[in-house]
Amino acid sequence: MGANPLSAVLDARDVSRSFGDKQVLSGVDLQVGAGRISALLGPNGAGKTTFLRILTGLLLAEGGHVSVAGIDVGRDPMAARRHIGFFPSADRTFYNRISGLENLAFFGRMYGIRRQEALARAGKRLVDVGLSDAVDQRVGLYSHGMQKRLSMARALLMDPPVLVIDEATDGLDPEGARRVQDLTRSIAADGTAVVWTTQRLDEIRGFAASNGVVEGPARVVKSVEEISRLQPGDILVCQVTNPTWAPIFQKIAGAVSDIGGSMSHAAIVAREYGLPAVVGTGSATTRIKDGQRIRVDGGRGVVTIL
Ligand SMILES: Nc1ncnc2c1ncn2[C@@H]1O[C@H](COP(=O)(O)OP(=O)(O)O)[C@@H](O)[C@H]1O
Ligand SMILES: [Mg+2]
């Protein structure tokens with residue numbers, strides 16, 4: 001809330017890492033501001049998990065710098081880790097014989113908070129992730145999707161300003177994946193900087209903002225000066241719009257934004273002009289390339305890269 005989306009809470013510069021003679025990362029930069037979602041895309045073996053382990057201080061970079069909330073992760077990983085929640089792809093750290101609540105309270109104690117506070121935080125986070133019915137159930141009985149949400153609850157336990165998520169939707173059915181994605185977007189909307197990895201290149205979700213479906217070339221606009229490039233039939237892809245942008249809505253075919261909800265400027269203007277729009281995607285301008293053909297489904301809140 002009230003977070004400045006332009007200041008980077010997570011700042012990684014020129015990160016490199018190899019294993020033996022295999023160079024896995026070289027010169028990787030990533031800056032993520034409060035309230036933003038940054039998606040790292042790549043097939044298996046691309047180095048996504050390695051990069052996230054470096055961001056979270058679990059693995060040292062060989063070159064480059066990472067800071068989280070102004071703390072140098074390489075120099076003080078323990079301090080940095082208090083500001084970063086990590087949702088690992090394969091989470092085998094829960095105790096199957098105790099409840100979800102007891103598991104989270106245990107991790108809270110490891111972060112150094114008192115049991116009463118740990119239990120209170122754990123209970124709240126379990127509700128946030130939709131596990132209120134399973135608070136007292138043994139984790140061994142949780143489904144795969146429930147375990148994923150428990151991992152999310154643990155990553156959020158200490159209200160970190162940065163959340164790092166490794167393939168959260170892996171192995172989930174479409175409904176389970178949608179729940180995790182919706183949850184992630186609402187966490188970002190509260191001001192958390194989110195890094196997300198995925199192997200799925202094609203689909204970007206946002207808020208259903210203005211009904212209708214349209215296909216066309218994406219025009220990725222990063223500054224006001226660039227809006228003169230928009231041609232009739234183009235689909236505007238931008239971080240955020242404001243009232244000075246209103247005239248372009250007369251010629252474009254649809255709109256997609258990174259920031260904003262269903263009552264944002266882009267959503268309201270798109271409805272006024274009858275253009276399909278998806279807003280608050282978190283990552284459209286980083287994932288969609290200028291000129292790429294996309295489909296915007298404003299009723300479902302889904303943008304597909306064709
Ligand atoms: N601890 C390690 N020791 C040796 N090689 C590793 C280690 N961790 C990752 N790798 C290698 O680094 C490459 C990138 O792995 P990873 O970061 O897990 O990719 P991704 O998460 O994108 O699938 C792979 O070739 C993997 O085998
Ligand atoms: Mg991985």
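How many bridges join strand 13 to strand 14? Strand 14 covers residues 277–279, and 2 bridges tie it to strand 13 in this predicted model, with the two strands running parallel. The views below start from the sheet and end at a histidine.

**Figure 1. The open sheet takes in 8 strands.** Reading across, the order goes 9-16-15-11-12-13-14-10, and the pairing is mixed. Strand 9 (203–205) and strand 10 (207–210) sit at the edges; each has a single partner strand, so one side of each goes without a neighbour in the sheet. From one strand to the next, the twist averages 30 degrees.

**Figure 2. Strand 15 meets strand 16 in the antiparallel sense.** Here residues 293–297 (strand 15) and residues 302–305 (strand 16) are joined by 4 bridges. If you want a pair to zoom in on, Arg-295 stands opposite Thr-304 of strand 16.

**Figure 3. Strand 13 has both of its faces covered.** This strand spans residues 254–257. In a regular strand, side chains alternate between the two faces of the sheet. On one side of strand 13 you'll find Gly-254 and Val-256, on the other Ala-255 and Ser-257, and all of them are buried.

**Figure 4. Strand 13 pairs with strand 12 and with strand 14.** Strand 12 (residues 235–238) lines up parallel to strand 13 over 4 bridges. Within that pairing, Val-237 has Val-256 as its bridge partner. Toward strand 14, Ala-255 stands opposite Ala-277. To get from strand 13 to strand 14, the chain passes through helix 7 (residues 265–273), making a right-handed β-α-β crossover.

**Figure 5. Helix 7 packs on the sheet.** Which strands does helix 7 touch? They are strand 10, strand 13 and strand 14. The direction of helix 7 makes about 40 degrees with that of strand 10.

**Figure 6. His-83 sits in a loop.** The loop in question runs between helix 2 (77–81) and strand 6 (84–87). Is His-83 buried or exposed? It counts as buried because 20 other C-beta atoms lie within 10 Å, and the cut-off for that label is 20 or more. Leaving out residues up to four places away in sequence, His-83 touches Val-68, Ala-69 and Ile-71, along with Pro-160, Pro-161 and Val-162. For a distance to check in your viewer, try His-83 and Gly-33: they are 50 residues apart in sequence and 14 Å apart in space, going C-alpha to C-alpha.

How values were computed. Residues numbered from 1 in each chain as written. Chains lettered and ligands numbered in written order. Predicted model: local features only at pLDDT ≥ 70, side-chain atom pairs only at ≥ 80, totals over all residues. Buried ≥ 20, exposed ≤ 12 C-beta atoms within 10 Å, placed from the backbone. Pairing = 2+ DSSP bridges. Right-handed = clockwise from strand over helix to strand, strands pointing away. Contact = placed C-beta atoms within 7 Å. Axes fitted to C-alpha atoms, helices over the stretch in contact; angles between N-to-C directions.
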